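Colleague: Before I use the words that describe a protein model, I would like to hear the reasoning behind them. Could we look at one together?

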Amino acid sequence: MSHHIEDLLAQWKQFPKDDWVLAVITNIQGSSYRKTGAMMLFHALGKSIGLVSGGCLEGDLLRHAQRSLQQDQAINVTYDASDESDASHQLGCGGIVDLLLIPVTPNNNYLHLETLRQQLQHGQCEFHIPLVKTGTPSTSVNTQVVPTNAQVHDPKASFINPSDSQVKTLAIPFRPRFHLAIFGGGLDAQPLAKLALQLGWAVSVFDQRSSYAHPINFVDTKIIKDPISSLPSSVLNKVDAVVVMQHNLGLDALAIKLIASNSPAYIALLGPRHRRDQVFAKANVSLSDFSGYFSAPAGFDIGGELPESIALSILAESHALLHGKLPLYE
């Protein structure tokens with residue numbers, strides 16, 4: 001299970017009426033494993049979902065979460081790894097991390113976590129959390145889910161001051177999980193799909209051939225067996241990255257033509273540069289037909305040749321682009 005917000009909320013949804021505490025990073029100074037807006041959940045019996053550090057703070061946070069539940073109050077906690085007297089000094093990150101812990105109860109509408117879960121199935125949104133003081137009753141904590149049309153790949157949390165409140169609010173933008181489409185359901189596509197799922201991405205596999213893309217080899221993925229020529233361009237409307245790896249010139253050309261009519265943010269085609277030119281010629285397209293980043297040969301050159309290495313190189317490149325870390329976004 002990944003630590004994507006949708007996976008956290010899916011686990012919480014299994015027992016929504018149990019006693020839970022939401023922990024959120026409200027501010028950081030210096031170095032920190034997670035950033036402002038990172039969230040996790042603690043169950044009254046000790047189970048935790050998600051993380052707000054590399055595993056360093058969660059054990060101690062559980063103790064504060066249990067106190068928050070017992071008192072039915074919000075609690076502010078600070079870990080100062082730059083202070084030798086602080087318990088977190090030995091963690092080595094060197095930063096200061098502020099967190100807010102809030103009981104999730106029916107009296108505060110379960111902090112509207114169900115609304116957040118449902119909204120993320122439709123599009124991007126902001127989750128507004130008031131930065132209340134320690135001792136504030138949980139019933140006084142009013143969160144809000146605000147849909148947004150902003151198309152941001154790697155959103156950052158910010159602070160706002162609502163006109164109807166004296167309390168500063170943390171606005172945490174969330175987007176639905178990234179969606180990877182793979183054209184080709186062969187052996188080399190399996191580690192690519194598996195790694196993307198571990199990242200918390202949604203994965204769709206397209207392969208019209210009867211001997212490929214069997215469900216047993218692509219667990220938790222959507223498999224489309226329709227002929228590529230019959231697919232509407234809208235099938236890629238909510239796709240962020242596409243990898244074409246059918247090892248068939250004709251099928252790859254059909255896939256590339258379909259992709260050109262939609263052009264996701266990242267497109268990768270397996271094979272050397274001259275094969276890309278052959279596929280383009282057969283599909284009657286050119287590089288200028290794609291508004292997204294086109295990678296051929298696919299992925300970063302990390303020196304690997306086995307399917308697992310190729311999957312790593314492709315996912316690393318697409319991940320970097322979708323998070324604004326490639327030169328294209330500089």
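Modeller: Gladly; this is a predicted model, and the protein in it has 7 helices and 15 strands. Along its principal axes the C-alpha trace spans about 65 × 40 × 40 Å, and of the 330 residues 48% count as buried.

Colleague: What makes helix 5 and helix 6 roughly perpendicular to each other?

Modeller: Helix 5, residues 249-260, and helix 6, residues 273-283, pack at an angle of about 70 degrees, with 8 Å between their axes. Angles of 65 to 115 degrees count as roughly perpendicular, and the pair is therefore described in that way. The crossing in which helix 5 passes helix 6 is right-handed.

Colleague: Which residues of helix 5 and helix 6 make the contact?

Modeller: From helix 5 they are Leu249, Gly250, Asp252, Ala253, Ile256 and Lys257, and from helix 6 they are Arg275, Gln278, Val279, Phe280, Lys282 and Ala283. Sorted by class, this contact has 6 nonpolar, 2 polar and 4 charged residues.

Colleague: Why are helix 4 and helix 7 called oblique to each other?

Modeller: The axes of helix 4, residues 189-198, and helix 7, residues 307-322, cross at roughly 45 degrees and come within 8 Å. Roughly parallel would need an angle under 35 degrees, and roughly perpendicular would need 65 to 115 degrees. The value fits neither range, and helix 4 and helix 7 are therefore oblique. Helix 4, too, passes helix 7 in a right-handed crossing.

Colleague: What does the contact between helix 4 and helix 7 consist of?

Modeller: Pro191, Leu192, Leu195 and Ala196 of helix 4 meet Pro307, Glu308, Ala311, Leu312, Ile314 and Leu315 of helix 7. These residues divide into 9 nonpolar, no polar and 1 charged.

Colleague: Which residues of helix 4 are buried, and what covers them?

Modeller: The buried residues of helix 4 are Ala189, Pro191, Leu192, Ala193 and Ala196. Their cover includes strand 10, strand 11, strand 13 and helix 7. After helix 4 comes Gly200, and its phi is positive, near 90 degrees.

Colleague: How do you know that helix 1 is largely enclosed by the rest of the structure?

Modeller: Helix 1 runs over residues 5-12, and 7 of its 8 residues are buried, so the description follows from that count. The buried ones are Ile5, Glu6, Asp7, Leu8, Leu9, Gln11 and Trp12. What covers them includes strand 1, strand 2, strand 3, strand 5, helix 3 and strand 9.

Colleague: Strand 2 also holds His43. Why does His43 count as buried?

Modeller: A residue is buried when its relative accessible area is under 20%. His43 has a relative accessibility of 11%, and therefore it counts as buried. Leaving aside neighbours within four places in sequence, His43 is in contact with Asp18, Asp19, Trp20 and Leu62.

Colleague: And what makes Lys222 exposed?

Modeller: Exposed means over 50% relative accessible area, and Lys222 has 55%, so the word applies. Lys222 lies in strand 12, residues 222-224. Not counting residues up to four places away in sequence, Lys222 touches Val203, Ser204 and Val205.

Colleague: What is unusual enough about the backbone of Ala213 and Asn284 to list them by phi?

Modeller: I would say simply that each has a positive phi without being a glycine: the value is about 60 degrees for Ala213 and near 60 degrees for Asn284. Ala213 belongs to the loop between strand 11 and strand 12, whereas Asn284 is found in the loop between helix 6 and strand 15.

Colleague: Are Ala213 and Asn284 buried or exposed?

Modeller: Ala213 has a relative accessible area of 4%, which is under the 20% limit, and so it is buried. Asn284, at 66% relative accessibility, is over the 50% limit and therefore counts as exposed.

Colleague: Finally, which peptide bond is cis?

Modeller: The bond from Ala296 to Pro297 is cis, and its omega is near 5 degrees. Pro297 has its place in the loop between strand 15 and helix 7.

How values were computed
Residues are numbered from 1 along each chain as its sequence is written. This is a predicted model: local features need pLDDT of at least 70, side-chain atom pairs count only at pLDDT 80 or more; totals for chains, interfaces and linings use all residues. Side-chain values use heavy atoms; hydrogens and water are left out. Axes are lines fitted to C-alpha atoms, for helices over the stretch in contact, and angles run from 0 to 180 degrees between N-to-C directions. Helices (H or I, at least four residues) and strands (E, at least two) are DSSP runs, numbered from the N terminus. Angles under 35 degrees count as roughly parallel, over 145 as roughly antiparallel, 65 to 115 as roughly perpendicular and the rest as oblique. A crossing is left-handed if the near helix is turned anticlockwise from the far one by less than a right angle, and right-handed if clockwise. Contact means heavy atoms within 4.5 Å. Ala, Val, Leu, Ile, Met, Phe, Trp, Tyr, Cys and Pro count as nonpolar, Asp, Glu, Lys and Arg as charged, and the others, Gly among them, as polar. Buried means under 20% relative accessible area, exposed over 50%, partly exposed in between (1.4 Å probe, protein chains only).
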